[in-house]
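User: Please take a close look at one part of this structure and describe it in a single connected account, giving the cut-offs of each term as it comes up.

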Amino acid sequence: MKLFIDTANVEHIREMADLGIIAGVTTNPTLIAKEGRDFNEVIKEITSIVDGPISGEVISLEAEGMVKEGIEIAKIHKNMIVKIPMTEQGIKATRQLTALGIRTNVTLVFSVNQALLAATAGATYVSPFVGRLEDTLHDGIQVVSEIRDVFDIYGFDTEIISASIRTVKQLADSALVGAHVATVPYPILKKAFTHPLTDKGIEAFMNDWENTFGKK
Ligand code: G3P
């Protein structure tokens, strides 16, 4: 499973990219607005940090506007993926952008049927929102797992991005059920590195070393 970072914060992207673990970036209008910066400027900066798929989302609600915006987003950089909401108009736009050779990420997916429709329209990625499903007491990981089964049975090339990840358990479970990608917020990535036994183990190794050989 590849790891994307789910943020428009360039410091956080840079920090995780420096560690060599980031294969791509996803943004959405909320994340861009949080940074209070111009969309094109932030996206351009992100493309200079990470050499992998970068999702930028359209804000039009009609297919025509989505396609227009999508064409502009795709022009920013060869790594751009046009993120499109899972609606009838969004699916129409996905089909048209696919025909133009522009890659898409159909977002706000909450069911297997929505993922199937997006894949049928030629989406490069679908983004089921695990955290938001689990907020409403649904099993988000089960939805990811079922989408994976359907894509495998019918040989769809569409990749699943496990999105709206709120916990380290959701990250691990996404990997276990075969998400192709998990897009993870910065604090969850930071947490995923740690384990109390790792810290305890390092402390014991250092103490044993220093007790025998002294401080470095
Ligand atoms: O990638 C989708 C993600 O940004 C949504 O996350 O936490 O707003 O549900 P959240």
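Analyst: Helices (H or I, at least four residues) and strands (E, at least two) are taken here as DSSP runs numbered from the N terminus. In those terms, S164 sits in the loop between β7 (159–162) and α9 (168–176), and the surroundings of the ligand, to which S164 belongs, are the part I have chosen. This is a predicted model in which local features need pLDDT of at least 70, side-chain atom pairs count only at pLDDT 80 or more, and totals for chains, interfaces and linings use all residues. Residues are numbered from 1 along each chain as its sequence is written, and side-chain values use heavy atoms, with hydrogens and water left out.

The protein as a whole can frame the close view. The fold is made up of 11 helices and 8 strands, and its C-alpha atoms occupy a box of roughly 70 × 40 × 30 Å when taken along the principal axes. Of its 216 residues, 45% are buried, where buried stands for under 20% relative accessible area, exposed for over 50%, and partly exposed for values in between (1.4 Å probe, protein chains only). Among contacts (heavy atoms within 4.5 Å) with a separation of 6 or more, 57% join residues that are 24 or more positions apart.

The residues around the ligand, each with a heavy atom within 4 Å of the ligand, are D6, N28, K83, F129, R132, A163, S164, R166 and T183. Three side chains in this set bring a polar atom to an oxygen atom of the ligand: for R132 the distance is 2.6 Å, for S164 it is 2.7 Å, and for R166 it is likewise 2.7 Å. Each of these is a polar contact, a pair of N or O atoms within 3.5 Å; within protein, one atom must be able to donate a hydrogen and the other to accept it, and residues adjacent in sequence count only if both atoms are side-chain atoms.

S164 deserves a second look for its backbone. Most residues other than glycine have a negative phi, yet the phi of S164 is positive, near 55 degrees. S164 counts as buried because its relative accessibility is 11%. L137 offers a counterpart elsewhere: also not a glycine, it has a positive phi of about 65 degrees. L137, however, lies in the loop between α7 (130–135) and α8 (140–154), and it counts as exposed because its relative accessibility is 81%.

From the ligand one can step inward through K83, a residue of the ligand's surroundings that is also in contact with T27 and with S55. T27 is placed in the loop between β2 (24–26) and α2 (29–35), and it counts as buried because its relative accessibility is 0%. Leaving aside neighbours within four places in sequence, the contacts of T27 are T7, A8, I32, I43, I46, S55, G56, E57 and K83. One of these partners, S55, is also joined to T27 by a polar pair, in which a polar atom of the T27 side chain lies 2.7 Å from the backbone oxygen of S55.

S55 itself belongs to strand β3 (residues 54–57), and it is buried because its relative accessible area is 2%. Beyond residues up to four places away in sequence, S55 touches V25, T26, T27, M80, I81, K83 and N105. With N105 the link is a polar contact between the two side chains, at 3.1 Å. S55 and V82 are 27 residues apart in sequence, while their C-alpha atoms are 5.8 Å apart in space.

Two exposed positions serve as a contrast to this buried pair. K68, in helix α4 (residues 63–76), is exposed because its relative accessible area is 55%, and its C-alpha lies 15 Å from that of N40, a residue 28 positions away in sequence. G20, found in the loop between α1 (10–18) and β2, is exposed because its relative accessible area is 63%, and its C-alpha is 9.9 Å from that of V50, with their positions 30 residues apart in sequence.

Taken together, the site combines R132, S164 and R166, each with a polar side-chain atom set against a ligand oxygen, with K83, which touches both T27 and S55. T27 and S55 are both buried.
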